Amino acid sequence: MPAVVEKLRARARADHKARIPITRLDAVHRDVLIRAINNVLATEDAIFTYAQIIDGLPIADVAWDRRLSTLWGDHPLEDHEELCPGALEKAREVCPKWTPSMLAFDPKVINAFQRADPGTRMFNTRLIELVAVALHQFGVLLHQLEFRMHQGDIEYMINWTMPKLEFEPDDWEPLKPPPTILIHPFYSARDIYPEGLADMVGYWAEDRILGGVVLFDRRAELDDEGNLTGEPPNIYLHPSRRKVTFRITQLLDWQQQAFVDFLLAAPDSGVSSPLPIIVDDRNRTRVNHWNSLTQRGIYRDIWERKPMDLDEWRHAVKRPQDQVDYPESGVEMLMINRAAGDPLPEGPLKRYLEGKESIPEGPTKRMFDEYKELIGREKRAKLDVSEDETKNEEVNDDIHGEVERVDGGKNNEKGKSREEEKGKGNEKDEEEQNEKGEEEQEKEGQTKTKREKNYIKVDTLESLERFLSGKEEGPEE
């Protein structure tokens, strides 16, 4: 790991040194970028965010509005409910006074923006990147100026740790707090960043103003020579807010278009700010932070996040998946229960599906609607299968009927042939029987005649007496 960190640190220093000013842009592109930056700096969220850097501490509500918070217990920051006097006014004073000479950017991004025609996807994506980097750099500069207008001990707030409790073991040691409370939990590689701690504050400012650290699908954008080309996909945000996912999440088309429209809006045009963009359950394209850079190529700078060690990785992958981070999990469980035959329990979902209860717009209603749509698809699929089976049965019946008709015709012909042959056979048999009968009759007649000749007809007693006395001849020998 130390060798990797050293390599990333060297790369970060080289990239920082190679940055160029926006004066390299032509007048059209430069004016668009300056207007976009001014549009964001004029928002209340930007001014309030930079005011907290000027104060030196975030207010309690903002400090606790974070996933994976580094604050715990009865932290004394709880009492910092408002900005200290003068911090907000100072932010309103300095934000409009920035000059282009304060900023410098990656030459690849500047050159890609310069080559892109206004209105193209490349133009809009690079404009978002340049604005995000500018907001980051403003945070860095304000932190380095060390206004620290907080009326109290800032170092005490930062370094506070939980006191040892009675039940803690003797060798218990409190968790060491990070070097600043103005921190995004995934962008804390102080030993790698070219501006060190100030870069950590810059990432925090970017997150609070835009809704997350802005990242890009570099694998899709970069060619073999490392130049930004082609049609870049929608940008990603890496947020850190309570009740918002901490996974890297891609913006929807309408979200990105609203962002671009606001950046391009003319002064006093009336275009409302969509910032900060809070991703929700509708943003389904998400990437886990532990493999987004190495496996998916989603990042802004290759050195922005330190690689996780084995223990950190094991802890991350074993983290339970809830609906905030994995919005599809709720519907998946409902479909699993449905497939298992479990009935829906009494509750809002069942009443909503039965039309007995209405659900206000929000994540819950969208989950219910998604479940309802999946059930509808399932029923339609079964209906389609049933119709296909019916059609197949009809086709099979037609085929069988045709086969039977053909076979029946053939069988009828064979039957007729057999009947004809049988009829002819019967006629022949009858003729033979008749001939045989006549022959037998003739033979019987001859036999009868012979029998009649061989035997004397004895009619009366006188005839017998004459025969016995020899007066009547007997049968011929």
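Two strands count as paired here if DSSP finds at least two bridges between them. With that in hand, let us walk through this predicted model, starting with its sheet.

**The sheet**

Five strands make up an open sheet, ordered 4-3-2-1-5, with antiparallel pairing. Its edges are strand 4 (286-287) and strand 5 (298-299), each of which pairs on one side only. Strand 1 (213-217) is joined to strand 2 by three bridges, and the two run antiparallel; here Val 214 stands opposite Leu 237 in strand 2. Strand 1 also pairs with strand 5 in the antiparallel sense, over two bridges, and Asp 217 stands opposite Ile 298 there. Further along, two bridges join strand 2 (residues 236-238) to strand 3 (residues 248-250), again antiparallel, with Tyr 236 facing Gln 250 across the pair.

How many residues of strand 1 are buried? Five of the five are, so strand 1 is largely enclosed by the rest of the structure. In a regular strand, side chains alternate between the two faces of the sheet. Both faces of strand 1 are covered: Val 213, Leu 215 and Asp 217 are buried on one side, Val 214 and Phe 216 on the other. Helix 9 (residues 197-210) lies across strand 1 and strand 2, running at about 90° to strand 1. Phe 216 also has a charged neighbour, since Arg 126 lies over the face of its ring at 5.3 Å from the ring centre. A similar arrangement places Lys 372 over the face of Tyr 352, at 5.9 Å from the ring centre.

**Aromatic pairs**

The structure holds eight aromatic pairs. A pair of aromatic rings is described by the distance of the centres and the angle of the planes. Two of the pairs are set out below.

| Pair | Centre distance | Plane angle | Kind |
|---|---|---|---|
| Trp 98 and Phe 138 | 5.5 Å | 70° | edge-to-face |
| Phe 186 and Phe 246 | 5.9 Å | 40° | tilted |

Trp 98 and Phe 138 link distant parts of the chain, 40 residues apart: Trp 98 is in the loop between helix 5 (87-94) and helix 6 (107-115), while Phe 138 is in helix 7 (residues 121-145). Buried means under 20% relative accessible area. Trp 98, at 9% relative accessibility, therefore counts as buried, and so does Phe 138, at 7%.

Phe 186 lies in the loop between helix 8 (154-159) and helix 9, and Phe 246 in the loop between strand 2 and strand 3, so this pair ties together parts that are 60 residues apart in sequence. Both Phe 186 and Phe 246 are buried. Elsewhere, Tyr 187, Tyr 193, Tyr 203 and Trp 303 form one aromatic cluster.

**The nonpolar cores**

Which residues have the most contacts inside the largest nonpolar core? They are Leu 33, Ile 37, Tyr 50, Val 131 and Leu 263, in a core of 61 residues. Elements that each supply at least two residues to this core include helix 2 (27-41), helix 3 (44-55), helix 11 (253-264) and strand 1. Helix 7 gives the most, with 12 residues.

Tyr 50 shows how the packing looks around one residue. Leaving aside neighbours within four places in sequence, Tyr 50 is in contact with Leu 41, Ala 91, Cys 95, Leu 135, Phe 138, Gly 139, Leu 142, Ala 205 and Ile 209. Apart from the largest core lies another, of 20 residues, including Phe 186, Val 213, Ile 298 and Trp 303.

Terms used: Residues are numbered from 1 along each chain as its sequence is written. This is a predicted model: local features need pLDDT of at least 70, side-chain atom pairs count only at pLDDT 80 or more; totals for chains, interfaces and linings use all residues. Side-chain values use heavy atoms; hydrogens and water are left out. Helices (H or I, at least four residues) and strands (E, at least two) are DSSP runs, numbered from the N terminus. Contact means heavy atoms within 4.5 Å. Axes are lines fitted to C-alpha atoms, for helices over the stretch in contact, and angles run from 0 to 180 degrees between N-to-C directions. Rings of Phe, Tyr and Trp (its six-membered ring) pair if their centres lie within 6.5 Å; planes under 30 degrees apart count as stacked, over 60 as edge-to-face and the rest as tilted. Buried means under 20% relative accessible area, exposed over 50%, partly exposed in between (1.4 Å probe, protein chains only). A charge sits over a ring if NZ of Lys or CZ of Arg is within 6 Å of the ring centre and within 35 degrees of the ring normal. A nonpolar core is a set of buried Ala, Val, Leu, Ile, Met, Phe, Trp, Tyr and Cys residues joined through side-chain atoms within 4.5 Å.
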